[in-house]
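These entries record what I looked up in one structure. I began with the whole chain and then turned to a single helix and its packing partner.

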Amino acid sequence: MMEHPENDEKYIGLTVNSGVAQPPSVNPYLHRRPRRKPMPTVSELVEGILRGDITTLSRAVTLVESQNSDHQSVAQEVIEKCLPFSGNSRRIGITGVPGAGKSTSIDVFGLHVLRNGGKLAVLAIDPSSEITKGSILGDKTRMEKLAVHPDAFVRPSPSAGSLGGVARKTRETIVLCEAAGFNNIFVETVGVGQSETAVHSMVDFFLLIQLAGTGDELQGIKRGIMEMADGIIINKADGDNIDRARLAQAQFRSALHLFPPTPSGWTPEVLTYSGYYGLGIDEVWNMIDRYFDFVKANGYFERRRADQARYWMFETINETLRSHFFNNPTVKSHLAENEAAVLANRMTPFMAASSVLDSYYNNLAKNS
């Protein structure tokens, strides 16, 4: 039987071609793909980090950020071995409202550091969607020059809805970056909510970027963020915006006089600059240099580093206790029952919490 009966001689003028053979549905080169490299050992990771290898550093940071318990144990061992080689950098936190030009400013400041012979690591905390839990992680696209510089390491990390967790992981990543030879660490905040407080607890200098002429000067002059700032810089002081930037500079300087003295004894300075045009960058960096000279001379630098280490020890204890509590089987069963009782108005939230805690403590007492 013919494959195409239409090609029979009785069908004059009708021809059906065989067509093109279809490729197989399975990739014939599939078996040739190289297998994924096994996870490096702790010693290999530590040696690569101390050698300044960016690829090894990136893999170690990935282990730090992983939720896998095996990865976490490896990461903690790597951090412990790298700890003696850390602590020799200048940690600078950079914050500001979205659109203030944080990423553009970091790109310009970073190039200034690199031109003067330094090495720079940028750790950017990127906000995650509360709905999809995803992050854009687009900081590298806004730091075009730093992202390709051989002496710069840019690492965006998703907040993933847990700011405390990502802040602790960022604190641990700082140790790895310092061990890899990066003597300048920039930590960029999400720019909203409690992220400033978390970043302030892990840096030496806290830089606040503000804008002028947005009609929101009073929003920027608020206690909390202003009290944490060691330096305030007004971005986009160029073109027609120069006069507005100088006016905002005077307003912020006046506002700083209303606040109590800083623990370091340093008086925060307010400067104007343009990140896009690269104007005033030297002045901003000279301010940062003066700050470090000041706090190292009066001993505040070492005291602050010690206070931060103590803070993160207690934060880790709190986080571990919280995780142990909510993952306890007894707590899970009692929590579901008491939650239903609260929703049905059979029990107050405070009584329900007390009941769950009592069951937790009783369970610990039985197993001790």
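Entry 1, overall content. I counted 15 helices and seven strands in the protein. The model is a predicted one. I then looked up burial and found that 43% of the 368 residues count as buried. For the accessible surface I noted a total of about 21200 Å², with 55% of that area belonging to carbon and sulfur atoms. I also checked contacts between residues at least 6 apart in sequence, and 73% of these join residues at least 24 apart.

Entry 2, helix 4. I chose helix 4, which covers residues 102-115. From first C-alpha to last, its 14 residues reach 20 Å, close to the 20 Å expected at 1.5 Å a residue. I asked how much of helix 4 is covered, and found twelve of its 14 residues buried. Among them are K102 and D107, as well as I106, F109 and L111. Past the helix I noted G117, whose phi is positive, near 90°.

Entry 3, helix 4 against helix 12. At what angle do helix 4 and helix 12 pack? I read about 70°, with the axes 11 Å apart. An angle of 65 to 115 degrees counts as roughly perpendicular, and helix 4 and helix 12 are therefore roughly perpendicular to each other. I next listed the residues that meet: V108, F109, H112 and V113 from helix 4, and I281, D282, V284 and W285 from helix 12. By class, I recorded six nonpolar residues, one polar and one charged in this contact. On the helix 4 side, V108, F109, H112 and V113 are also buried.

Definitions and conventions: Residues numbered from 1 in each chain as written. Predicted model: local features only at pLDDT ≥ 70, side-chain atom pairs only at ≥ 80, totals over all residues. Heavy atoms only, no water. Axes fitted to C-alpha atoms, helices over the stretch in contact; angles between N-to-C directions. Helix = DSSP H or I, 4+ residues; strand = E, 2+ residues; numbered from the N terminus. Parallel < 35°, antiparallel > 145°, perpendicular 65-115°, else oblique. Contact = heavy atoms within 4.5 Å. Nonpolar A, V, L, I, M, F, W, Y, C, P; charged D, E, K, R; others polar. Expected span 1.5 Å × (residues − 1). Buried < 20%, exposed > 50% of the residue type's maximum accessible area, 1.4 Å probe, protein only. Areas by Shrake-Rupley, 256 points an atom, 1.4 Å probe, with all protein chains shown as cover.
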